[in-house]
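The following exercises concern secondary structure, burial and chain contacts. Each task is followed by a worked solution.

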Amino acid sequence: MAESTLRRPAAIGTSGERTSTRLEVTATPGWLVALTWLTPLVVVASQAYFILASAPDRDMGHLQKIMYVHVPAAWSAFLAFLFVFIQSVRYLWRREERADLMAAAGAEVGAVLTGLTLMLGSIWGRPTWGVWWTWDARLTSTAVLFLVYVGYLALRGLTDDPERRARWSAAVGILGALNVPIVYMSVKWWRTLHQMQSTPSTVDPTYAWGLRANAIAFVLVLVVFISHRYRALLAEYVMERRMDEAALSRRARA
Amino acid sequence: MSRLPQLSDALALNDIAHRYGRRWAVRGVSLNVARSEVLAIMGHNGSGKSTLLRVAATAIRATRGSGTVFGADLVRDAQIVRSMVALLSTEPGVYGDLTALENLRFAARMLGTSGDALELQRALDRVGLGREGHERARNMSSGMQRRLSIARLLLREPYLLLLDEPYNSLDPEGAGLVNTLIRETRARGGSVLLVAHDLSRSEGLADRTMEMRDGLLVESPSADGERDAAAASDTDDASDLANADVVEISAARRLRVERGGAR
Amino acid sequence: MTAPVAALRPLPTPAPMTLGPSLRADLQRVTAVAWKDLTAERRTKANFNAVVAMAGLILLFFGFALGPDAEGLRNAASGVLWLTILFSGVLAFNRSYQLELEAGALEQLLLYPGERWTIYVGKLLANLAFVFLVEVVTLPLTGVLYHVAFPERWATVLLVLVLGTTGFVSLGTLYAAMASRSRSREVLLPLLLFPMLVPVLIAASGATASLLVGDVMGDSRAWIRLLAAFDAIFLVASTWAFQFVIEG
């Protein structure tokens, strides 16, 4: 009996855990190691270059350069959310545990990036408008997105059963992602209706290249962080499954 | 004990294992129930028999393994399976604020039957609740609620009857009712899978009896004290792994794997 | 007591393998679930009374916080109204699942044949009725406490109310299916639900505010369209997601 419980069951139907035995912890792949070393260099280089090389903004001086971090961080945060959405759909469609772990990794990194975006936006706003917060469309939508992430992570934290956790967070992730453009639109309309001045354009042409370069750098940051986080979650998952296997075969009668 | 499943088998379970969180309730069970057969599974609390029943009912999707009911897969064809099985679980599953009749009418309409008043009253009469139709379920004793859930079973004619501790909280009359239900189902060509810790009230109805212990089926009841003690204990945490690799995540968030004995 | 085993109709062989979808049966299930929820609710009016009392309390509290100046209150009225609806309505959703969890009824509920969406829509309808009834009380109360004149375009205000509430309840019914079975359910439901309702709050209170002063700029039209789109998207999404969420 001990043997039969460890052997992959010969299934009549398609029910049962199919993929867990395929998930293994491997050594960090070469591309990831290279990227992990490369990325901070790229970030530092592109930040340093554009901060030093670009002229101070005519209105805001050097402060405007905070946009080199704030805007790419925002883009990456939204990209992370798109990633969570795709992985959540993939999980519900194929019930692949890997997809759930990727979604979780994406959400964790996305939450951090969103928080960073908010903080930087706040820091930029203070000297610019004299206030720590401005209810402009982008910042406010980002704040809502942050709360959606927080809810997602809270749900994961409060749900113990791994299968239920995966299903529920996938549903929340998908619906949350669907809402992001709607939230953005409604906040934008809300602002224009109240005839608030729109945020000064942050895309001065001289800054465009800087933003693009830094955006690429931040996407690399996103990839590296999500990959490492995913691998950590995978390792935990594989360990738990191995412990479960051991518990399954323990005291099993032959 | 398990032979090749045939399409005509009422229930065929193949290597079912299921865990709740980190604890395995069922560790690898295969069994078949033929048409017109009554199979009884005995076991103590925590032996996994309830979980097994729920897997057969499609109330739970097993972590491992597969199964069919009359050839319909438990996962892929769950809807079809549900139309063929009926589960009597340990909890009555009734709505406290609704009356007995209202509970039955709800069940009938969910089942897709007409649920006319006569049919519902007949079901109540059969289980001895004929005069309690307008009583709220909340005000009934547990035995009466049990009978109400049996009445719910009578609203349809399941091909496979799944009974979880059916004799609990029932007086001899109620127990006789359950046995009649079992006989009727078998006479019709249906099958019954019954789990209980005590089969003394089953009037020997079972065609076959098995025992389940610690998530596995056993061939015969054991008088082995050591195994009983082992079955009774429940610790499944990391410190209890006997022969397995020991894996630890240290403070540095690194995996450290050790082979050999338990720590 | 052993009743004689009567001559029973034998079960046909082989067992039926096909199960054609029947819309009529599904609609019957929807109404059965809705009726069951509403009946259970009707029997214990305690919940409804508590939620209405809560709504009244919230209205008062906002009033205290905003100050007695009539002009200020009138300006804040539509925002306060919608906040009140959201904060008091959210208390109703978990209850809808509580009654399933009480005596293990959820397990039986999931074993009936039929698609999962029938359970969702049934509960949605019951929750809608509940929240609408709360609004029947809340709306006039807001008008009184916040010095709001009876709006000329009251029909449009009602439309906004219906659209906003539908979006609110459709998401609430879905998320409560998860929250009611979690730890920290009282905080988890608002935490998950409210970020999703930002468009509803903005659009509904914006449209209501506009309509209460005659909607000179025609703003309400855009908001109503947004609400309708929101409802359409999330009714479909929630109905679809429900099957994954309600499973054991």
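Helices (H or I, at least four residues) and strands (E, at least two) are DSSP runs, numbered from the N terminus. This is a predicted model, in which local features need pLDDT of at least 70 and side-chain atom pairs count only at pLDDT 80 or more, while totals for chains, interfaces and linings use all residues. Residues are numbered from 1 along each chain as its sequence is written, chains are lettered from A in the order in which they are written, and side-chain values use heavy atoms, with hydrogens and water left out.

**Exercise 1.** Locate Ser184(C) and Asp15(B), and describe the backbone and the burial of each.

Solution. Step one is the position of Ser184(C): the loop between α6 (154-179) and α7 (185-196) of chain C. Its phi is near 55°, a positive value in a residue other than glycine. For burial, the classes are buried (under 20% relative accessible area), exposed (over 50%) and partly exposed (in between), with a 1.4 Å probe and protein chains only. Ser184(C), at 39% relative accessibility, is partly exposed.

Step two turns to Asp15(B), which lies in strand β1 (residues 11-20) of chain B. Phi of Asp15(B) is likewise positive, near 55°. With a relative accessible area of 9%, Asp15(B) is buried.

**Exercise 2.** Describe the make-up of chain B and of chain C.

Solution. Begin with the elements: chain B has seven helices and twelve strands, whereas chain C has nine helices and zero strands. Next, burial: 57% of the 263 residues of chain B count as buried, and for chain C the value is 53% of 248 residues.

Then consider contacts (heavy atoms within 4.5 Å). Among those with a separation of 6 or more, residues 24 or more positions apart account for 65% in chain B and for 84% in chain C.

Finally, take the surface, with accessible areas from the Shrake-Rupley method with a 1.4 Å probe, where for residues only the protein chains shown count as cover. Chain B exposes about 10700 Å², with 48% supplied by carbon and sulfur atoms. Chain C exposes about 10700 Å², with 70% supplied by carbon and sulfur atoms. The C-alpha trace of chain C spans about 80 × 35 × 30 Å along its principal axes.

**Exercise 3.** Which residues is Thr173(C) in contact with, leaving aside its neighbours within four places in sequence?

Solution. Place the residue first: Thr173(C) belongs to helix α6 of chain C and is buried, at 0% relative accessible area. Its contacts beyond those neighbours are Phe93(C), Tyr97(C), Tyr120(C), Lys123(C), Leu124(C) and Asn127(C).

**Exercise 4.** Characterise the interface of chain B and chain C.

Solution. Count the participants: 50 residues come from chain B and 41 residues from chain C. The buried area, meaning the accessible area (1.4 Å probe) that two parts lose on being put together, summed over both, is about 4200 Å², and carbon and sulfur atoms give 58% of it.

Now look for salt bridges (a side-chain nitrogen of Lys or Arg within 4 Å of a carboxyl oxygen of Asp or Glu). There are three between chain B and chain C. One salt bridge joins Glu102(C) and Arg138(B), whose closest N and O atoms are 3.8 Å apart. On the side of chain B that touches chain C, α1 (49-57), α2 (78-84), α3 (100-111) and α6 (172-187) of chain B each supply at least two residues.
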